[in-house]
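I opened this file to look up a few things and write them down as I went. The entries are in the order in which I checked them.

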Amino acid sequence: MTEIIEETSNQPEEMTPDQPSEAIHSPTWEDDETAATFVMRALATLLCGAFLAWAQYFAGINSTTEWSRWIWMSVVSNLLFPLGIIWLFFGQGIVYQDWLKDQRSNAWNYGWNFGEWRRHLKWALLFSGVMLIIMAIFRFTPQGSEAAQSYRSGYLPPITGVMLFVTIVVYMFCWEFFFRGFMLFGMAQGLGPVAAILLQTAIFGAAHWGKPMPEFYSSFAGGALLGWICWKEKSFAPAFYTHAAVHVLWLALVLI
């Protein structure tokens with residue numbers, strides 16, 4: 001009699017209509033998430049980001065004569081490819097997805113957060129104001145005049161007016177998502193925020209090689225500062241607003 005009771009107790013209980021549906025659990029990819037998978041994803045982000053930056057640097061597209069190709073290259077390489085990597089290879093969404101049982105792996109949506117746009121604009125106004133003073137003083141020095149001339153002859157396209165500034169803003173949006181969204185938050189998942197800020201800063205600064213030396217050196221300081229702010233705000237929006245504003249202001253000074 002004892003053996004029969006024990007055998008019966010070891011059998012799984014049948015589901016009854018009164019039991020909640022939550023009792024049935026279907027495994028998802030997140031059940032296998034470990035520290036190792038976060039590190040591997042971070043390293044994959046680093047390799048993909050470094051390759052995309054390298055490919056753009058050596059693409060051989062002249063922004064002065066091929067402005068539209070230059071902008072489209074940024075849209076594809078800095079926005080569409082990273083989004084595809086996140087969605088298709090990392091299995092992560094940019095916004096909240098109902099089918100994901102745990103949103104922790106979205107790494108704060110890779111900075112895709114514009115909800116605090118007022119505070120982010122304040123950051124941008126602060127840094128843009130400081131940079132405007134610095135750029136205005138530099139612009140009217142002999143070295144600044146030489147840099148402005150090099151921009152007019154070797155960077156600016158034949159288009160002017162509103163379309164020039166609109167395309168610059170589009171370019172900066174893609175650029176900032178790439179460095180302070182995709183790379184920063186992607187690498188931070190497995191390597192931590194300090195390493196992620198430093199690594200994206202190094203690649204960001206290296207991408208400015210060939211520009212006037214003041215811009216090249218300042219890009220490292222700017223990349224680190226913007227990376228820290230974006231991590232603090234969990235959004236790449238402050239960097240986008242700041243970089244777009246600084247770029248537009250510098251172009252205005254160049255065209256004077």
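The notes below go from the overall fold to confidence, then to single helices and side chains.

**Entry 1, overall fold.** I am working from a predicted model. I counted elements and found 9 helices and 0 strands. Read from the N terminus, the order is α-α-α-α-α-α-α-α-α. The protein has 256 residues, and 42% of them count as buried. I looked up the exposed area next: it is about 14300 Å², with carbon and sulfur atoms supplying 69%. Among contacts with a separation of 6 or more, 75% join residues 24 or more positions apart.

**Entry 2, confidence.** Before looking at side chains I checked pLDDT. The average is 82, and 81% of the residues score at least 70. Which elements have the lowest and the highest mean pLDDT? Helix H1 (residues 2-9) is lowest at 47, and helix H7 (residues 193-206) is highest at 95. Over residues 1-9 the pLDDT stays under 50, and I found 0 contacts there beyond four places in sequence. Residues 15-29 are also below 50, but this stretch has 13 contacts in the model beyond near neighbours in sequence. Where pLDDT is low, the predicted coordinates should not be read in detail. I left both stretches at that.

**Entry 3, the last stretch of chain.** I looked at the loop between helix H8 (213-233) and H9, where Lys234 has its place. Lys234 is not a glycine, yet its phi is positive, about 55 degrees. Helix H9 (residues 237-254) has 18 residues. From first C-alpha to last, H9 reaches 25 Å, close to the 26 Å expected at 1.5 Å a residue. Is H9 enclosed or open? I found 14 of its 18 residues buried, so H9 is largely enclosed by the rest of the structure.

**Entry 4, aromatic rings.** I listed the aromatic pairs and got 26 in the structure. I took Trp70 and Tyr171 as one case: the ring centres are 6.1 Å apart and the planes are at 20 degrees, so the pair is stacked. Why does this pair tie together parts far along the sequence, and how many residues apart are they? Trp70 lies in helix H3 (residues 67-89) and Tyr171 in helix H6 (residues 162-191), so the parts tied together are 101 residues apart in sequence. Trp70 and Tyr171 are both buried. I also looked at Phe240 and Tyr241, a tilted pair with 5.5 Å centre to centre and 45 degrees between the planes. Both Phe240 and Tyr241 are buried. Going back to Trp70 and Tyr171, I noted that they belong to one aromatic cluster with Trp175, Phe178, Phe179, Phe182 and Phe204.

**Entry 5, charges over rings.** Phe204 of that cluster has the charged end of Arg180 over its ring, 4.1 Å from the centre. I noted another case at Phe140, where Arg139 lies over the face at 5.4 Å from the ring centre.

**Entry 6, Thr45.** I closed with a residue in helix H2 (residues 35-57), namely Thr45. Is Thr45 buried or exposed? Its relative accessibility is 0%, so Thr45 counts as buried. Leaving out residues up to four places away in sequence, I found that Thr45 touches Phe90, Phe182, Met183, Gly186 and Met187. Phe182 had come up before, in the aromatic cluster with Trp70 and Tyr171.

How values were computed:
Residues are numbered from 1 along each chain as its sequence is written. This is a predicted model: local features need pLDDT of at least 70, side-chain atom pairs count only at pLDDT 80 or more; totals for chains, interfaces and linings use all residues. Side-chain values use heavy atoms; hydrogens and water are left out. Helices (H or I, at least four residues) and strands (E, at least two) are DSSP runs, numbered from the N terminus. Buried means under 20% relative accessible area, exposed over 50%, partly exposed in between (1.4 Å probe, protein chains only). Contact means heavy atoms within 4.5 Å. Accessible areas come from the Shrake-Rupley method with a 1.4 Å probe; for residues, only the protein chains shown count as cover. The expected span of a helix is 1.5 Å times one less than its number of residues. Rings of Phe, Tyr and Trp (its six-membered ring) pair if their centres lie within 6.5 Å; planes under 30 degrees apart count as stacked, over 60 as edge-to-face and the rest as tilted. A charge sits over a ring if NZ of Lys or CZ of Arg is within 6 Å of the ring centre and within 35 degrees of the ring normal. pLDDT is the predictor's confidence in each residue, from 0 to 100.
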